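Q: Please take a close look at one helix of this model and set it in the context of the whole chain. I would like a careful account with the cut-offs spelled out.

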Amino acid sequence: MPPRARARTSKTSSRRRTTKPRARSKSNATPEHAAEIYRRLHLAYPDAHCALNHRNAYELIVATILSAQCTDVRVNMVTPSLFAKYPNAEALADANRDTLEEMIKSTGFFRSKAKNLLGMAQALVERYRGQVPRTMDELTALPGVGRKTANVVLGNAFDVNDGIVVDTHVARLSKRLGLTKETDPVKIERALMPLFPRDHWTMLSHLLIEHGRRVCEARRPKCEQCVLNDICPSSLV
Ligand code: SF4
């Protein structure tokens with residue numbers, strides 16, 4: 001049997017299909033496909049929301065900076081004492097660096113995060129009287145704040161849909177669902193924006209993240225119980 005034919009035996013095919021699904025080459029990236037995905041996910045997770053606990057924009061920007069390379073659950077364990085000690089940008093701007101590092105140590109990369117938090121808080125005090133600005137340009141000019149963090153803050157603290165948060169779940173599901181073949185987060189965001197109405201952008205991220213955590217997991221997607229399995233080009237069922 002020639003090598004190419006051997007590679008297509010049902011045994012090999014079955015082994016491959018038990019791991020990661022692959023998006024088929026044909027893309028279904030139409031607004032209609034996107035709308036149906038949104039409709040079903042919204043039905044499945046009507047209460048999807050930002051998993052980082054916060055009471056205002058200041059707390060959310062701090063929590064989002066801490067969430068880099070860290071779980072939201074872990075961040076939520078750290079922030080209550082952090083917000084009690086540093087309840088606003090003025091307090092955080094004056095924080096002792098060693099103390100701050102110690103308090104956020106469990107979130108990982110604590111030295112660079114402490115540096116970014118101090119720089120961000122000092123910039124808020126110097127430029128915006130301690131308030132968090134409401135535009136993408138102003139936010140991304142702050143130390144430690146990239147487009148993803150800015151999108152989280154704009155969408156969840158200010159109800160401003162300027163862009164779409166693309167984290168690891170959003171990136172993975174966008175590809176599996178045939179919404180884009182891009183792998184760079186900014187390119188994924190650009191591909192998603194024309195497919196969904198602007199006022200859905202913040203919720204879209206919450207829905208994809210929720211589905212990625214509960215069903216479409218990175219290593220073992222539960223396609224058999226997925227509400228999208230009949231319209232997903234990567235479905236294993
Ligand atoms: S069918 Fe559902 S779980 Fe399976 S790859 Fe598609 S979106 Fe993910």
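A: A residue is called buried here if 20 or more other C-beta atoms lie within 10 Å of its own, exposed if 12 or fewer do, and partly exposed in between, with the C-beta atoms placed from the backbone. By that criterion, 34% of the 237 residues of the protein chain count as buried. This is a predicted model, in which local features need pLDDT of at least 70 and side-chain atom pairs count only at pLDDT 80 or more, whereas totals for chains, interfaces and linings use all residues. Residues are numbered from 1 along each chain as its sequence is written.

The pLDDT, the predictor's confidence in each residue on a scale from 0 to 100, has a mean of 91 over the protein chain, and 88% of the residues reach 70 or more. Over residues 1-19, however, the pLDDT is below 50, and this stretch has four contacts in the model beyond near neighbours in sequence, a contact being a pair of residues whose C-beta atoms, placed from the backbone, lie within 7 Å.

The protein chain has 13 helices and zero strands, where helices (H or I, at least four residues) and strands (E, at least two) are DSSP runs numbered from the N terminus. Among the contacts with a separation of 6 or more, 62% join residues that are 24 or more positions apart.

The helix chosen for the close look is α4, which spans residues 57-66 and is mostly covered, with 10 of its 10 residues buried. These buried residues are A57, Y58, E59, L60, I61, V62, A63, T64, I65 and L66. They pack against α5 (72-85), α6 (89-93), α7 (97-104), α8 (110-128) and α10 (147-157).

One of these partners, α8, also contains R127 and Y128. R127 is partly exposed because 13 other C-beta atoms lie within 10 Å, and Y128 is likewise partly exposed because its count within 10 Å is 14 other C-beta atoms. R127 and E138, 11 residues apart in sequence, have C-alpha atoms 9.7 Å apart, while the C-alpha atoms of Y128 and E138, 10 residues apart along the chain, are separated by 9.8 Å.

Turning to the ligand, C216, P221, C223, C226 and C232 come nearest of the 15 residues around the ligand, a residue being near a molecule or strand if its C-beta atom, placed from the backbone, lies within 6 Å of it.

Terms used
Two residues are in contact if their C-beta atoms, placed from the backbone, lie within 7 Å.
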